[in-house]
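Here are some exercises to work through with the model open beside you. Try each task before you read its solution.

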Amino acid sequence: YTLDVYRGVCQPTKSLRDFVLAVSFFPQLVAGPIVRAADFLPQLVSPPVLRRGQFYWGLLLMTLGLFEKIVLADTMLSSAADSVFGYGGPLQALDAWAGVLAFSGQIFFDFAGYSTCAIGAALCLGFHLKDNFRFPYAAVGFSDFWRRWHISLSTFLRDFLYIPLGGNRFGPVRAAINLMIVMFIGGLWHGAAWTFVVWGLIHGVLLVLERVARAIGQDAPWTETIGVKLLLGLATYVAVCFAWVFFRATDFPSASRIVHAMVGMLPNGDPLLTTRALLKVGGVTAGLLLAHWSLRDTSVEAVVTRMPRWLVTGLWTLMFGAIILTQGNGNAFIYFQF
């Protein structure tokens, strides 16, 4: 708020009440989405008018968010991820990949679930918060991934770091250096550990390489074909999963052990996960990717609006019932630690 006022992005509010509400709005205060004053303060000019449909939609979003967190992240995926990343011995490639895929799904469902709950709770109170995720695992390229993953953070880093550093106004070399600085700080923002820094630098390198590749082949028509987009999307997802290893691992020896197992360099690894656990991870991951690719160019709101009411009611009931029956395992939201 202070920097936006200083830069002239928004005008300072004359109401202490509005200022206090903007900086302490509880739904998004702990973990996001990061709400900008220029987006929130205009909503306080007049008291919000709560409509019945708006309140129901907020409740539906909160149910969806809790379903993602409790059922999918905690119940279906967390145990496999914890087992693999907590194991100190050599791993088989199948178990290593299953653990990494489990964590890639867990962190999405955990954080997207929290953001969806926050957006739904705000909507129930009459306020609108911007989407924080747009089906990121259907991204084609790493710049596309960051336009879809934790959108409020990526735009915050762009506006308060990348552009003030010069952005891409001073040539490609300076732009590449600025990207590396931004992603370095973005990694460090998650925690004072070198594993987070490496995670950020991996994404910085991938973003720079993507820019070089686009500059070389920007006029190639084959890059727009469906098959190539699917292959590029799969390559993006695999690279993002490799980077998640360093985000989740507690130290470099653990990360190295898992990466070596993923590429088949530990042929005598120990079998760790049960067939049931592997099937759970595989099923949830397949459903996650199918949903993201099916919805990558639309939104949840648009899909639900087109669905018949009986189907919406049935899915809502199933999610609510699954939340009650599973109860999760009491894990705190992952992003609470950052």
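**Exercise 1. Classify Phe135 as buried or exposed, and find what its backbone does.**

Step 1. This is a predicted model, in which local features need pLDDT of at least 70 and side-chain atom pairs count only at pLDDT 80 or more, while totals for chains, interfaces and linings use all residues. Residues are numbered from 1 along each chain as its sequence is written, and side-chain values use heavy atoms, with hydrogens and water left out.

Step 2. Take the cut-offs: buried is under 20% relative accessible area, exposed is over 50%, and partly exposed is in between (1.4 Å probe, protein chains only). Phe135 has 13% relative accessibility, so Phe135 counts as buried.

Step 3. Place Phe135 in the chain: the residue sits in the loop between α6 and α7. Helices here are DSSP runs (H or I, at least four residues), numbered from the N terminus.

Step 4. Check the backbone. Phe135 is not a glycine, yet its phi is positive, about 50°.

Step 5. Look for a second case. His150, in the loop between α7 and α8, is not a glycine either and has a positive phi of about 40°. His150 is buried because its relative accessible area is 1%.

**Exercise 2. Describe the largest pocket: what is its volume, and which residues line it closest to the centre?**

Step 1. Fix the terms. On a 1 Å grid over the protein atoms alone, a pocket is an open set of points with protein on both sides within 12 Å along at least five of seven lines; a cavity is a set where a 1.4 Å probe fits but cannot get out; and lining residues have an atom within 4 Å of a point. Points are joined across faces, edges and corners, and a volume is the space filled by probe spheres set on them.

Step 2. The largest pocket holds about 1000 Å³ of space. Its lining has 39 residues, and those closest to the centre are Leu64, Glu68, Phe135, Leu295 and Val300.

Step 3. Sort the lining by element. Helices α5 (52–85), α6 (93–124), α13 (275–295), α14 (300–306) and α15 (309–326) each supply at least two residues; α13 has the largest share, with eight.

Step 4. Sort the lining by class, with Ala, Val, Leu, Ile, Met, Phe, Trp, Tyr, Cys and Pro as nonpolar, Asp, Glu, Lys and Arg as charged, and the others, Gly among them, as polar. The result is 25 nonpolar, eight polar and six charged residues.

**Exercise 3. Find how many cavities of 30 Å³ or more the structure holds, and which residues line the largest.**

Step 1. There is one cavity of 30 Å³ or more, and the largest has a volume of about 30 Å³.

Step 2. Its lining is made of Pro136, Tyr137, Ala139, Phe145, Gly233, Thr236, Tyr237 and Val240. Helix α11 (residues 226–248) gives the most, four residues.

Step 3. Six of the lining residues are nonpolar, two are polar and none is charged.

**Exercise 4. Trace the salt bridges of Arg36 and Asp39, and say where their partners lie.**

Step 1. The rule asks for a side-chain nitrogen of Lys or Arg within 4 Å of a carboxyl oxygen of Asp or Glu. By this rule the count is 14 salt bridges.

Step 2. Arg36 pairs with Asp159 at 3.2 Å, N to O. This pair links distant parts of the chain, 123 residues apart: Arg36 is in the loop between α3 (26–29) and α4 (37–40), and Asp159 is in helix α8 (residues 151–162). Arg36 is buried at 15% relative accessible area, and Asp159 is buried at 14%.

Step 3. Asp39 meets Lys130 in a salt bridge of 3.5 Å, N to O. Asp39 lies in helix α4 and Lys130 in the loop between α6 and α7 (142–148), so the pair ties together parts 91 residues apart in sequence. Asp39 is partly exposed at 33% relative accessibility, whereas Lys130 is exposed at 59%.

Step 4. Now follow shared partners: salt bridges join Asp4, Arg7, Arg36, Arg158 and Asp159 into one network.
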